[in-house]
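Work through the following exercises with the sequence and the coordinates side by side, and attempt each task before reading its solution.

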Amino acid sequence: MLKAKAFPTNHRLYRYPQLINSEMDSKNIYISYQHYSNEIEWEMHEDSEWIYVGADDEFKKEKATELIDSFFEESAIYFITDRRNSALIEKNTAISKIMEAIEEFDPALANADFSKIMEFDKIGVVRKGKRIN
């Protein structure tokens with residue numbers, strides 16, 4: 001598994017490196033996502049922040065992959081579903097993880113410092129945005 005700092009560099013605990021674990025577990029990934037998702041300014045596309053990528057058998061894998069690749073420059077990103085199943089993954093595996101999880105969860109992706117977040121919804125839409133500083 002890939003390793004990442006436990007908290008983003010602008011987090012208050014970053015000033016105390018002895019308190020930061022070298023690897024963030026699923027629960028802390030999910031908690032960080034919940035915290036930072038409230039600070040995201042979602043990009044508008046036409047008249048909505050949501051982009052249709054299809055649901056179930058109509059899911060447009062190529063379009064979703066293109067959105068992920070163009071939004072995240074990093075090779076490793078967080079895949080977030082819940083407190084038990086969130087992890088740091090290789091970006092090239094993100095679309096398969098999304099397709100596996102989307103029937104049960106509304107999965108999300110985030111970069112290492114949670115400054116960029118992409119949320120997928122079961123109804124076949126996705127939105128992406130950046131944290132307001």
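**Exercise 1.** How do the residues of the lining of the largest pocket divide into nonpolar, polar and charged?

*Solution.* The model is a predicted one, in which local features need pLDDT of at least 70 and side-chain atom pairs count only at pLDDT 80 or more, while totals for chains, interfaces and linings use all residues. Residues are numbered from 1 along each chain as its sequence is written, and side-chain values use heavy atoms, with hydrogens and water left out. Begin with the lining itself, which consists of G54, A55, D56, D57, F59, M99, I102, E103 and K122. Next, sort these residues by class (Ala, Val, Leu, Ile, Met, Phe, Trp, Tyr, Cys and Pro count as nonpolar, Asp, Glu, Lys and Arg as charged, and the others, Gly among them, as polar), and the result is four nonpolar, one polar and four charged.

**Exercise 2.** Describe the contact of α2 with α3.

*Solution.* From α2 come K61, A64, T65 and I68, and from α3 come A94, I95 and M99 (contact means heavy atoms within 4.5 Å). Sorted by the classes already given, the residues of this contact comprise five nonpolar, one polar and one charged.

**Exercise 3.** Which residues does D121 contact, leaving aside its neighbours within four places in sequence?

*Solution.* D121 first has to be placed, and it is found in strand β6, residues 116-121 (strands are DSSP runs of E, at least two residues, numbered from the N terminus). With those neighbours left aside, D121 is in contact with W50, I102 and D106. For D106, the separation from D121 is 15 residues in sequence, yet 4.8 Å in space, C-alpha to C-alpha.

How values were computed:
Helices (H or I, at least four residues) and strands (E, at least two) are DSSP runs, numbered from the N terminus. On a 1 Å grid over the protein atoms alone, a cavity is a set of points where a 1.4 Å probe fits but cannot get out, and a pocket is an open set with protein on both sides within 12 Å along at least five of seven lines; lining residues have an atom within 4 Å of a point.
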